Amino acid sequence: MKVEMRELEKLVREITPLFLDKERASMVREKGLADFVTQVDFQVQEHMREQLYRRYPDIQFMGEEKNNDDVDFSGDVWILDPVDGTLNLIHDYRESALSLGLWHEGRVCMGLIYQPYTDEMYTAEYGRGAFLNGEPIHVSAETEMIRSLISIGTTPYAKETADRNFRDFKEIFLRSADIRRMGSAAIELAYVAAGRTEAFFERDLKPWDFAAGMLLVQEAGGSVTGFDGNPVDARMRSDIVAGNGTIGEILTREILSR
């Protein structure tokens, strides 16, 4: 079944009023330690599920806010995070995004990340490059850590990783130009693809956190690996390092794999 990126872009932009509804964003339920869900998450996911099924009834659906035991990756699968950066949404921090990937024949073949606050639409198709609002994007050409801006993820729902995380953060801060923390893995991956940062890393990301962003970075000329430098599987929870090639390799080889 042919999936048109322009049709997906149009569909995704339809969620903007739901995404920006402050009343729904204030309806919060705690799923776990530092892990929250709002009515925005549920309603955006349900809208996307219904509309995708209407257009593509043969494609399965994986979403953050549902039980995904029925998903069979031997077939095609949508991988959706309706709101990546829910805590940001709750605080009106305005760094949240929808992330949508399409799994097809053993890989993520399409990826889309939409930041409704800025109307930035990041898109990628396997073998066709990466784009921001229709214009080609590429990873940074920087090769020196001391001139690099590195985005970090704190894995806030796994506080037991704090000692290791903050040891890594300190070393990277001392060796780089500076570090950043956006609070949305999807946006941080998109920024690597757009060359705004040289690398991003975080422990224990879920498929919906990184499936679309991984393809974006790869199609923009960068690399996405585990902390050990090996390829990652978009179907599995993974520790993720995304970079422009050179800087990501330095992070894995000299810091994160130790």
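These are legends for several close-up views of one predicted model.

**View 1. Two nonpolar cores sit inside the model.** Let's start on the inside. In soluble globular proteins, nonpolar side chains tend to be buried together. Here the largest nonpolar core has 41 residues. The residues with the most contacts inside this core are Ile-79, Ile-113, Tyr-122 and Phe-210. There is also a second, separate core, made of 29 residues. Among its members are Trp-78, Leu-112, Tyr-114 and Met-121.

**View 2. Who does Ile-113 touch?** Now zoom in on Ile-113, and skip its neighbours within four places in sequence. What is left is a list of contacts that includes Ala-97, Leu-98 and Ser-99. Glu-120, Met-121 and Tyr-122 are in contact with Ile-113 too. Further along the chain numbering, Ala-186, Ala-190, Ala-212, Gly-213 and Leu-216 are also contacts of Ile-113.

**View 3. Strand 5 pairs with strand 4 and with strand 6.** Strand 5 covers residues 97–104, and seven of its eight residues are buried. One pairing partner is strand 4 (residues 77–84), which runs antiparallel to strand 5 and is joined to it by six bridges. If you want one bridge to look for, find Asp-81 and its partner Ser-99 in strand 5. The other partner is strand 6 (residues 107–115), again antiparallel, this time with seven bridges. Here you can look for Leu-98, which stands opposite Tyr-114 in strand 6. In a regular strand the side chains alternate between the two faces of the sheet.

**View 4. A hairpin turn links strand 5 and strand 6.** How many residues lie between strand 5 and strand 6 in their hairpin? There are two. One residue to pick out in the turn is Glu-105, with a positive phi of about 55 degrees. While you are looking at strand 6, which includes residue 107, check out Arg-107 itself. The charged end of Arg-107 sits over the ring of Tyr-126, 3.9 Å from the ring's centre.

**View 5. Phe-166 and Phe-169 pair up within a helix.** The count for the model comes to six aromatic pairs. In one of them, the ring centres of Phe-166 and Phe-169 are 4.9 Å apart and the ring planes are at 70 degrees, so this pair is edge-to-face. Both residues belong to helix 6 (residues 162–175), where they are three residues apart, or about one helical turn. An α-helix has 3.6 residues a turn, so residues three or four places apart point the same way. Is Phe-169 buried or exposed? Phe-169 is buried, with a relative accessible area of 4%.

**View 6. Phe-201 and Phe-227 bring distant parts of the chain together.** This aromatic pair is edge-to-face as well, at 6.1 Å centre to centre and with 70 degrees between the planes. Phe-201 is in strand 12 (residues 199–205), while Phe-227 is in the loop between strand 13 (223–225) and strand 14 (238–243). That puts the two residues 26 places apart in the chain. Phe-201 has 0% relative accessibility, so it counts as buried. Phe-227 counts as buried too, at 8%. Step back a little and you'll find that Phe-166, Phe-169, Phe-201 and Phe-227 form one aromatic cluster.

**View 7. Helix 7 is largely enclosed.** All nine of the nine residues of helix 7 (residues 185–193) are buried, so this helix is largely enclosed by the rest of the structure. The buried residues include several alanines, namely Ala-185, Ala-186, Ala-190 and Ala-193. Glu-188 and Tyr-191 are also on the buried list. After helix 7 comes Gly-195, with a positive phi near 80 degrees.

**View 8. Salt bridges turn up across the model.** Side chains of opposite charge can pair when their charged atoms come close. A search of the whole structure finds 19 salt bridges. In one of them Arg-24 meets Asp-21, at 2.5 Å from N to O, and Arg-24 is partly exposed at 25% relative accessibility. Another joins Asp-70 to Lys-66 at 3.5 Å. Asp-70 is exposed, with a relative accessible area of 56%, whereas Lys-66 is partly exposed at 27%. Arg-94 and Asp-92 make a salt bridge as well, with their closest N and O atoms 3.4 Å apart. Finally, salt bridges that share partners join Glu-171, Arg-175, Glu-249, Arg-253 and Glu-254 into one network.

Technical notes:
Residues are numbered from 1 along each chain as its sequence is written. Side-chain values use heavy atoms; hydrogens and water are left out. A nonpolar core is a set of buried Ala, Val, Leu, Ile, Met, Phe, Trp, Tyr and Cys residues joined through side-chain atoms within 4.5 Å. Buried means under 20% relative accessible area, exposed over 50%, partly exposed in between (1.4 Å probe, protein chains only). Contact means heavy atoms within 4.5 Å. Rings of Phe, Tyr and Trp (its six-membered ring) pair if their centres lie within 6.5 Å; planes under 30 degrees apart count as stacked, over 60 as edge-to-face and the rest as tilted. Helices (H or I, at least four residues) and strands (E, at least two) are DSSP runs, numbered from the N terminus. A charge sits over a ring if NZ of Lys or CZ of Arg is within 6 Å of the ring centre and within 35 degrees of the ring normal. Two strands pair if DSSP finds at least two bridges between them. A salt bridge is a side-chain nitrogen of Lys or Arg within 4 Å of a carboxyl oxygen of Asp or Glu.
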